[in-house]
Amino acid sequence: MKISIVIITYNEEDRVEQTLKSCSGIADEIVAIDSFSTDKTIDILKKYKVKIFQKKFIDYGSQKNIALGKAKNEWVLNLDADERVSKELKENILKLKQKHEINSDGFLINRKTFYMDKWIKHCGWYPDRKLRLFRKSKSRWQGRIHERLILNGKIEKINGDILHFTYRNITDHIKRINRYSKMQAEDIVRKKTKLLFLRFLLLPPITFIRFYFWKMGILDGFPGIVIALVSCWGTAMKYIKAIEIKREKKI
């Protein structure tokens, strides 16, 4: 079992090196699709002998499919530039690599997120199971944002976590959700979703309740209420922007 680790990057000089270090020992090659970074990201990638390809960013699914096409090995481990392989996960992947035959086509991995100086254990953020280790020939990414891997084959679970250092701070969290909400609004309009104003009124408070109470964000303390509030705001933004797009286009 040889593994290609694939990463998409854009201005990740403050995080990507830790990602690359965490892959030490399990990667037979590392491939990065970079969206023309203007900081020191490329220099860091070169330091770790990463195979670098540059492509203008369209959406997350497209970028990750390009990365799949550049990987030379059948097995792929997909990581984001703000993620790291935990010690337990590395040990279990190394054990997997020693097997002569693997009967699965993909492995689900728990993802644990560090936010506001705390590991988040609720809010629906953990265990955030992701299909990240898989056979390339049976897989394809789908979706513009919050993309998911479509795999035609047998899926199992592997123990250990992907450690996710997602937002640098609350400001970064809000900026990213603001950016995502535009793409989500475009998708809403393209799908001709009905009752946008009613959704705008009802879904944000439902989102807050879901994250803070149903998903037990209340147990994560102050970060939990921040996550619920920002998620509530993000839901409102995507419908406001969808309404705006429809008015501009007079749909």
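**Close-up 1. Leu133, a buried residue in strand β8.** In this predicted model, Leu133 has a relative accessibility of 0%, so we call this residue buried. Look for Leu133 in strand β8, which covers residues 130-135. Which residues does Leu133 touch, once you leave aside its neighbours within four places in sequence? The contacts are Met1, Ile3, Trp75, Val76, Leu77, Ile93, Leu96, Gly106, Phe107 and Ile109. Now find Ser4: Leu133 and Ser4 are 129 residues apart in sequence, yet their C-alpha atoms are 9.7 Å apart in space.

**Close-up 2. Strand β2, covered on both faces.** How many of the residues of β2 (29-34) are buried? The count is 6 of 6, so this strand is mostly covered, going by the cut-off of under 20% relative accessible area. Take the two faces in turn: Glu29, Val31 and Ile33 sit on one side, Ile30, Ala32 and Asp34 sit on the other, and all of them are buried.

**Close-up 3. The neighbours of β2 in the sheet.** Strands β1 and β2 run parallel and are joined by 6 bridges. To spot one of these pairings, find Ile7, whose bridge partner in β2 is Ala32. The route from β1 to β2 goes through α1, and this β-α-β crossover is right-handed. Strand β2 also pairs with strand β3 (residues 51-54), again in the parallel sense, over 4 bridges. Here you can look for Val31, whose bridge partner in β3 is Lys51. Which way does the chain cross from β2 to β3? The chain passes through helix α2 (residues 41-47), and this β-α-β crossover is right-handed.

**Close-up 4. Glu29, a buried glutamate.** Glu29 belongs to strand β2. Is Glu29 buried or exposed? With a relative accessibility of 6%, Glu29 counts as buried. A polar atom of the Glu29 side chain lies 2.7 Å from the backbone nitrogen of Lys72. Setting aside residues up to four places away in sequence, Glu29 touches Ile3, Ser4, Ile5, Lys51, Lys70, Ala71, Lys72 and Asn73.

**Close-up 5. Arg168 and Asp14, a salt bridge between two loops.** The model has 23 salt bridges by the rule used here, and one of them joins the side chains of Arg168 and Asp14, with N and O 2.7 Å apart. Why does this pair tie together parts that are 154 residues apart in sequence? Arg168 lies in the loop between β11 (155-164) and α5 (170-190), and Asp14 lies in the loop between β1 (3-9) and α1 (16-22), so the pair brings together two separate stretches of chain. As for cover, Arg168 is partly exposed at 40% relative accessibility, and Asp14 is partly exposed too, with a relative accessible area of 47%.

**Close-up 6. Arg111 and Glu83, a salt bridge between two strands.** The closest N and O atoms of Arg111 and Glu83 are 2.8 Å apart, and the two residues form a salt bridge. This pair links distant parts of the chain, with Arg111 in strand β6 (residues 106-115) and Glu83 in strand β5 (residues 83-85), 28 residues apart. Both partners are out of reach by the usual count: Arg111 is buried at 11% relative accessibility, and Glu83 is buried with a relative accessible area of 0%.

**Close-up 7. A network of salt bridges.** Which residues join up here? Lys64, Asp80, Glu83, Arg111, Asp128, Lys130, Arg132 and Glu147 are linked in a network of salt bridges. One of the pairs is Asp128 with Lys130, whose side chains meet at 3.5 Å, N to O. Asp128 counts as buried at 17% relative accessibility, while Lys130 is partly exposed at 26%.

**Close-up 8. Helix α6 and its bend.** Where does α6 (residues 196-214) bend? The bend is at Leu202, by about 30 degrees, and a proline, Pro204, follows within four residues. The buried residues of this helix are Leu196, Pro204, Thr207, Phe208, Phe211 and Tyr212. When you look at that list, bear in mind that an α-helix has 3.6 residues a turn, so residues three or four places apart point the same way. The cover over the buried residues of α6 includes α5 and α7 (221-249). Just after the helix, Met216 takes a positive phi of about 65 degrees.

Key:
Residues are numbered from 1 along each chain as its sequence is written. This is a predicted model: local features need pLDDT of at least 70, side-chain atom pairs count only at pLDDT 80 or more; totals for chains, interfaces and linings use all residues. Side-chain values use heavy atoms; hydrogens and water are left out. A salt bridge is a side-chain nitrogen of Lys or Arg within 4 Å of a carboxyl oxygen of Asp or Glu. Buried means under 20% relative accessible area, exposed over 50%, partly exposed in between (1.4 Å probe, protein chains only). Contact means heavy atoms within 4.5 Å. The bend at a residue is the angle between axes fitted to the seven residues ending there and the seven starting there. Two strands pair if DSSP finds at least two bridges between them. A crossover is right-handed if, with the strands pointing away from the viewer, the path from the first strand over the helix to the second runs clockwise. A polar contact is a pair of N or O atoms within 3.5 Å; within protein, one must be able to donate a hydrogen and the other to accept it, and residues adjacent in sequence count only if both atoms are side-chain atoms.
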